[in-house]
Amino acid sequence: MELYFATGNPHKLAEANSILSDLGVILKPAPSPKIEIQSESLEEIARYAAEAAYRSIGSPLVVEDSGLFVESLNGFPGPYSSYVYKTIGCGGILRLLEGRGNRAAHFECVVVYASREALRSFVGIAKGYIAEAPRGSGGFGFDPIFICEGCGGRTFSELCQSEKSAVSHRGRAFRALGEWLSSPGRENTLK
Ligand code: IMP
């Protein structure tokens with residue numbers, strides 16, 4: 001099965017394809033860009049973008065929105081992660097955490113599938129904490145400063161793609177999508 005993926009981020013496309021290829025789903029870049037509204041809810045952002053992309057493309061597609069939520073910063077940068085990464089980056093998050101004991105954080109990813117019959121969301125969460133300093137060279141965004149639970153203290157940037165996908169927010173959300181797409185009787189569970 002082939003689906004469009006409305007994203008301008010080639011890392012997200014590569015990660016999602018590596019997760020879904022085992023389930024027989026291939027994602028191709030959508031011909032129209034992802035429309036981003038401002039909202040405090042990743043799900044609202046992703047649903048709006050999926051509906052807008054479906055109106056423009058008219059073929060089944062997926063959109064995802066994701067963010068890093070730092071506990072002692074009351075969930076910041078959350079839905080503003082993309083802008084915060086571009087402006088203050090990993091170094092800025094590390095500076096905001098200087099002197100704070102609690103470094104707990106999580107990534108969240110909401111994947112929305114849109115087709116003529118369905119608009120459906122899948123959520124994935126990866127719990128962990130923020131490293132004292134950036135480490136590793138793989139991945140993108142806040143990967144060098146995020147240490148996921150169960151990864152032996154390594155940052156996402158120190159994992160290979162399959163290791164990251166096994167535990168990541170994106171891996172969990174896209175696997176849930178893939179399982180739903182390949183489940184028998186899916187047509188009866190639309191909406
Ligand atoms: P958006 O979903 O396009 O709004 O962007 C989310 C932002 O969160 C990205 O630009 C990254 O900075 C960050 N982010 C989301 N997922 C990841 C990830 O898997 N690793 C590192 N940073 C991520």
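## Cysteines without a bond

Welcome to this structure, where a search of the whole chain set turns up zero disulfides. The model is a predicted one, and its cysteines are a good place to begin. A disulfide would need two cysteine sulfur atoms within 2.5 Å. The sulfur of C148 has its closest cysteine sulfur in C151, but the two are 4.5 Å apart, which is too far for a bond. For C160, the closest cysteine sulfur is also the one in C151, and here the separation is 10 Å, again too far for a bond.

The surroundings of these cysteines are worth a look as well. C148 has 4% relative accessibility and counts as buried. C160, with a relative accessible area of 39%, is partly exposed.

## The sheet

Now to the strands. Six of them form an open sheet, arranged in the order 2-1-3-4-5-6, with mixed pairing. At the edges are strand 2 (26-29) and strand 6 (146-148), each of which pairs on one side only. From one strand to the next, the twist averages 40°.

Following the order 3-4-5-6 through the sheet, you can trace a series of antiparallel pairings. Strand 3 and strand 4 are paired in the antiparallel sense over ten bridges, and E64 stands opposite V111 of strand 4. Strand 4 and strand 5 also run antiparallel, joined by eleven bridges. Strand 5 (residues 119-130) then runs antiparallel to strand 6, with three bridges between them. I130 has F146 as its bridge partner in strand 6.

## A hairpin and an enclosed strand

How many residues lie between strand 4 and strand 5 in their hairpin? There are four residues between these two strands. A114 stands opposite L119, which belongs to strand 5.

Strand 4 (residues 104-114) deserves a closer look. Nine of its eleven residues are buried, so this strand is largely enclosed by the rest of the structure.

## The loop between strand 3 and helix 3

Next comes a loop with two backbone features to find. P77 is placed in the loop between strand 3 (61-70) and helix 3 (81-87). The peptide bond that joins F76 and P77 is cis, with omega at about 0°.

N74 lies in the loop between strand 3 and helix 3 too. What is the phi of N74, which is not a glycine? N74 has a positive phi of about 55°. Is this residue buried or exposed? With 77% relative accessibility, N74 counts as exposed.

## A nonpolar patch on the surface

F76 has a second role in this tour. Together with I88 and L96, F76 makes a nonpolar surface patch of about 220 Å². So the residue joined to P77 by the cis peptide bond can also be found among the members of this patch.

L96 can be located in helix 4 (residues 89-96). Its relative accessible area is 35%, and L96 is therefore partly exposed.

Technical notes:
Residues numbered from 1 in each chain as written. Predicted model: local features only at pLDDT ≥ 70, side-chain atom pairs only at ≥ 80, totals over all residues. Heavy atoms only, no water. Buried < 20%, exposed > 50% of the residue type's maximum accessible area, 1.4 Å probe, protein only. Patch = residues over 30% accessible without salt bridge, like charges linked within 9 Å, V, L, I, M, F, W, Y side chains within 5 Å. Areas by Shrake-Rupley, 256 points an atom, 1.4 Å probe, with all protein chains shown as cover. Salt bridge = Lys/Arg side-chain N within 4 Å of Asp/Glu carboxyl O. Pairing = 2+ DSSP bridges. Axes fitted to C-alpha atoms, helices over the stretch in contact; angles between N-to-C directions.
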